[in-house]
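Welcome! Take a moment to look through the structure below, and then we will walk through how its parts fit together.

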Amino acid sequence: MESPELLDAIRRIVEEDWPTTKFPVLLSKLPKRIDRLWPGEDYKEALGGKNLKGFLQENAAVAGLRLVQDPAHSARVGLIPLNEEYEFPALPAAPPSGITPDDARAFARVIESMTAEEQQAVTFPASFVARVLAATR
């Protein structure tokens with residue numbers, strides 16, 4: 001696979017996704033997508049010794065693409081069409097939970113006192129679990 005072929009494959013992936021998702025194609029997802037388009041081909045040969053991000057920093061505009069990076073998570077990098085705009089949503093600041101480490105330990109004791117059937121039946125929102133875990137720090 002040559003560089004122009006690789007860029008064309010990546011451009012097609014972005015053009016296929018963008019109209020419906022309006023979300024960047026994350027670089028972390030690209031290798032599997034490229035492998036589906038070019039089974040048995042090693043796309044890394046076309047990178048010219050660079051990693052995928054470095055290659056795209058130099059060549060994305062040629063393919064009509066633009067790299068966008070999440071300011072809160074530097075490893076979260078994606079591609080969008082060159083003429084489009086995208087900003088990763090800002091993470092909301094976590095409000096003070098008011099949960100103390102003693103509260104978290106008491107909650108754990110309640111869970112431990114439940115029967116196996118009760119433990120299997122109970123569900124908690126992930127945000128609640130995150131707050132309890134944050135209180136144990």
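**How the helices and strands fit together**

Helix 1 and helix 3 are roughly perpendicular to each other. Keep in mind as you read that this is a predicted model. Let's begin with that pair of helices and then turn to the sheet.

**The two helices**

- Packed helices in general are described by two things, the angle between their axes and the distance between those axes.
- Here, the axes of helix 1 (residues 3–21) and helix 3 (residues 52–59) come within 12 Å and cross at roughly 90°; a crossing angle from 65 to 115 degrees counts as roughly perpendicular, so that label fits this pair.
- Which residues bring the two helices together? On the helix 1 side they are Ser3, Leu6, Leu7 and Ile10, and these meet Leu52, Phe55, Leu56 and Asn59 of helix 3.
- Sorted by character, the residues of this contact are six nonpolar and two polar, with no charged ones.

**The sheet**

- Strands of a sheet pair through backbone hydrogen bonds, in either a parallel or an antiparallel way.
- In this model, three strands make an open sheet in the order 1-3-2, with antiparallel pairing.
- Strand 1 (25–26) and strand 2 (65–70) are at the edges with a single partner strand each, so each has one side without a neighbour in the sheet.
- Six bridges join strand 2 to strand 3 (residues 73–81) in the antiparallel sense.
- Arg66 has Ile80 in strand 3 as its bridge partner.

**Helices against the sheet**

- Helix 1 lies across strand 1, strand 2 and strand 3, and runs at about 85° to strand 3.
- Helix 3 lies across strand 2 and strand 3, and runs at about 130° to strand 2.

Technical notes:
Residues numbered from 1 in each chain as written. Predicted model: local features only at pLDDT ≥ 70, side-chain atom pairs only at ≥ 80, totals over all residues. Heavy atoms only, no water. Axes fitted to C-alpha atoms, helices over the stretch in contact; angles between N-to-C directions. Helix = DSSP H or I, 4+ residues; strand = E, 2+ residues; numbered from the N terminus. Parallel < 35°, antiparallel > 145°, perpendicular 65-115°, else oblique. Contact = heavy atoms within 4.5 Å. Nonpolar A, V, L, I, M, F, W, Y, C, P; charged D, E, K, R; others polar. Pairing = 2+ DSSP bridges.
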